[in-house]
Amino acid sequence: MKKISIAIDGPAAAGKSTVAKMIAEKLSYIYVDTGAMYRALTYKAIVKDIDINDEMAMERLLLHTTIELKPSTNGQLIFLDGEDVSNQIRGEEVTNKVSTVAAVKAVREEMVSRQQKFGMNGGVVMDGRDIGTKVMPNAELKIFLLASVDIRAERRHRENIQKGFPSNLDILKEEIMLRDKQDSEREISPLRKAEDAIELDTSTLSIEEVAAKIFNMARERIETK
Ligand code: CDP
Ligand code: CDP
């Protein structure tokens with residue numbers, strides 16, 4: 001069967017990674033969580049006390065950093081210089097700083113180049129903010145996931161509680177709105193829908209419904225490739 005590339009973009013907590021993982025599993029494709037890559041670099045900068053606004057320092061840091069994504073039975077694990085940092089990169093400090101790191105030009109260029117290598121041979125589902133516009137502009141299927149900010153904050157809140165993490169709905173909503181603003185307003189590869197992306201508002205859809213819709217579109221694209 002022909003393999004296609006699937007790009008899933010959208011704002012924070014729209015359901016991108018959950019759906020991308022489900023689709024990748026169903027199609028036996030590689031799943032690439034590009035947000036986790038920016039988070040891993042942010043985590044390293046915090047640990048090493050590097051000024052995240054210093055473009056040259058951040059570029060140097062990334063060039064001396066390996067980031068690997070490894071599938072496991074517990075979802076995708078993120079390895080930073082050989083160490084599993086899958087949990088550490090979801091912490092509050094990383095979340096609050098990651099959009100600043102992701103706006104650094106040299107960081108974006110290097111990350112995009114690494115992500116393009118993952119997607120080189122097709123058979124990939126990649127999620128992020130600039131996948132349809134920049135990383136895989138030729139992807140056969142591009143999805144832009146949306147949901148109201150209240151719903152997205154509630155979903156994250158529920159997820160945190162389920163995982164036993166501390167969570168405050170109002171703070172979460174503020175954090176999501178701020179990150180969306182930073183991601184949409186940055187100069188390089190801002191968060192935006194690719195012209196040929198299909199917009200899907202998931203506000204009233206379950207994760208299974210979203211996955212089924214995307215899977216059907218993927219199947220059509222595979223059959224006509
Ligand atoms: O899962 P969540 O929506 O909270 O975020 P994420 O996908 O883990 O991405 C974290 C941050 O990385 C985003 O807020 C963006 O600032 C940045 N990012 C990006 O700039 N470009 C991407 N392709 C993916 C993430
Ligand atoms: O990757 P992204 O930040 O876009 O979102 P996510 O981490 O995949 O989804 C955030 C949370 O919303 C997860 O707990 C999902 O299970 C949940 N979700 C949902 O309940 N219904 C949807 N239609 C989409 C996501």
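Arg114 pairs up with Glu110 in a salt bridge, their closest N and O atoms sitting 2.7 Å apart. Keep in mind that this is a predicted model. The structure holds 16 salt bridges, and a few of them are picked out below, followed by a look at Thr202.

**Arg114 and Glu110, within helix H5**
- Both partners belong to helix H5, which covers residues 105-118.
- Arg114 and Glu110 are 4 residues apart, so about one turn of the helix separates them.
- Arg114 has a relative accessibility of 18%, which makes it buried because the cut-off is under 20%.
- Glu110 comes out as partly exposed, at a relative accessible area of 23%.

**Glu93 and Lys97, within helix H4**
- Here's another salt bridge inside a helix: Glu93 meets Lys97, with 3.0 Å between the closest N and O atoms.
- Helix H4 (residues 92-101) carries both of them, and they are 4 residues apart, about one turn of the helix.
- Glu93 is partly exposed, with 43% relative accessibility.
- Lys97 is partly exposed too, its relative accessible area being 29%.

**Asp196 and Lys142, across the chain**
- The side chains of Asp196 and Lys142 form a salt bridge at 3.0 Å, N to O.
- This pair ties together distant parts of the chain, the two residues being 54 residues apart.
- Asp196 sits in the loop between helix H8 (169-185) and S8, while Lys142 is part of strand S7 (residues 141-146).
- Lys142 is tucked away: at 5% relative accessible area, Lys142 counts as buried.

**A shared network**
- Arg129, Asp183 and Arg186 are joined into one network by salt bridges that share partners.

**Thr202, in a loop**
- You'll find Thr202 in the loop that runs between strand S8 (198-201) and helix H9 (207-224).
- Being in a loop doesn't put Thr202 on show here: Thr202 is buried, with a relative accessible area of 2%.
- Leaving aside residues up to four places away in sequence, Thr202 touches Ala14, Leu145, Leu146, Ala147, Arg155 and Val210.

Conventions: Residues are numbered from 1 along each chain as its sequence is written. Chains are lettered from A and ligands numbered from 1 in the order in which they are written. This is a predicted model: local features need pLDDT of at least 70, side-chain atom pairs count only at pLDDT 80 or more; totals for chains, interfaces and linings use all residues. Side-chain values use heavy atoms; hydrogens and water are left out. Buried means under 20% relative accessible area, exposed over 50%, partly exposed in between (1.4 Å probe, protein chains only). Contact means heavy atoms within 4.5 Å. A salt bridge is a side-chain nitrogen of Lys or Arg within 4 Å of a carboxyl oxygen of Asp or Glu.
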